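User: Please take one part of this model and go through it closely. I want the geometry, the burial and the contacts, with cut-offs.

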Amino acid sequence: MTAGAALAYLWAYGSAQVRAVREPSAGNVRRAVGAGILGLLPLQAALIARGGSPRVAAALGVVHPLARRLARRISPT
């Protein structure tokens, strides 16, 4: 559980950051910031799972896709 959540964080946050570094347009930087904010959910899930609460971590894992869908309607920044 911990490794999966950490990989989800790296994928969500890292890919947006790489895109912003390669092409630092305003849109890419804005998306990178939003990805960083939304990427906190899998990061927190990884830390909570490592701390011994896999059920709470799983709940955060379930909320992450919902948060991503909401971020399409309302900016997380």
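What follows should centre on helix α4, residues 54–73.

Analyst: The model is predicted, so local features need pLDDT of at least 70, side-chain atom pairs count only at pLDDT 80 or more, and totals for chains, interfaces and linings use all residues. Residues are numbered from 1 along each chain as its sequence is written, and side-chain values use heavy atoms, with hydrogens and water left out.

Start with the setting. The protein has 4 helices and 0 strands. Read from the N terminus, the order is α-α-α-α. Helices (H or I, at least four residues) and strands (E, at least two) are DSSP runs, numbered from the N terminus. Along the principal axes, the C-alpha atoms fill a box of roughly 40 × 25 × 15 Å. The accessible surface is about 5,300 Å², and 63% of this area belongs to carbon and sulfur atoms. Areas come from the Shrake-Rupley method with a 1.4 Å probe; for residues, only the protein chains shown count as cover. Of the 77 residues, 29% are buried. Buried means under 20% relative accessible area, exposed over 50%, and partly exposed in between (1.4 Å probe, protein chains only). Take the contacts with a separation of 6 or more: residues 24 or more positions apart account for 54% of these. A contact is a pair of heavy atoms within 4.5 Å.

Now α4 itself. Helix α4 has 20 residues. The helix reaches 30 Å from its first C-alpha to its last, close to the 28 Å expected at 1.5 Å a residue. The expected span is 1.5 Å times one less than the number of residues. The axis bends by about 25° at His 64. That bend is the angle between axes fitted to the seven residues ending there and the seven starting there. A proline, Pro 65, follows within four residues.

Next, the burial pattern. Ala 57, Leu 60, His 64 and Ala 67 are buried in α4. An α-helix has 3.6 residues a turn, so residues three or four places apart point the same way. Helices α2 and α3 (40–50) are among what covers the buried residues of α4.

Take Leu 60 in α4. Leu 60 counts as buried because its relative accessibility is 18%. Leave out residues up to four places away in sequence, and Leu 60 touches Leu 41, Gln 44, Ala 45 and Ile 48. Further along the chain, Pro 76 is 16 residues from Leu 60, with 17 Å between the C-alpha atoms.

Ile 48, in helix α3, shows that contact from the other side. With the sequence neighbours up to four places away set aside, Ile 48 touches Ser 53, Val 56, Ala 57 and Leu 60. The C-alpha atoms of Ile 48 and Leu 60 are 9.4 Å apart, with the two positions 12 residues apart along the chain. Ile 48 is partly exposed because its relative accessible area is 26%.

His 64 marks the bend in α4. His 64 is buried because its relative accessible area is 12%. Beyond residues up to four places away in sequence, His 64 touches Leu 38, Leu 41 and Pro 42. Leu 38 is one of the buried residues of α2.

Gly 61 also lies in α4. At 39% relative accessibility, Gly 61 counts as partly exposed. Gly 61 and Gly 4 are 57 residues apart in sequence, and their C-alpha atoms are 9.9 Å apart.

Finally, look at the cover from α2. Helix α2 has 13 residues and reaches 18 Å from its first C-alpha to its last, close to the 18 Å expected at 1.5 Å a residue. Its buried residues include Gly 27, Asn 28, Ala 32 and Gly 34. Gly 34 counts as buried because its relative accessibility is 9%. Not counting residues up to four places away in sequence, Gly 34 touches Pro 76 and Thr 77. The C-alpha atoms of Gly 34 and Leu 60 are separated by 18 Å. Val 29, also in α2, is partly exposed, at 38% relative accessibility. Val 29, Val 33 and Ile 37 make a nonpolar surface patch of about 210 Å². Patches are made of residues with over 30% relative accessible area and no salt bridge: like charges are joined within 9 Å, nonpolar side chains (Val, Leu, Ile, Met, Phe, Trp, Tyr) within 5 Å. A salt bridge is a side-chain nitrogen of Lys or Arg within 4 Å of a carboxyl oxygen of Asp or Glu.
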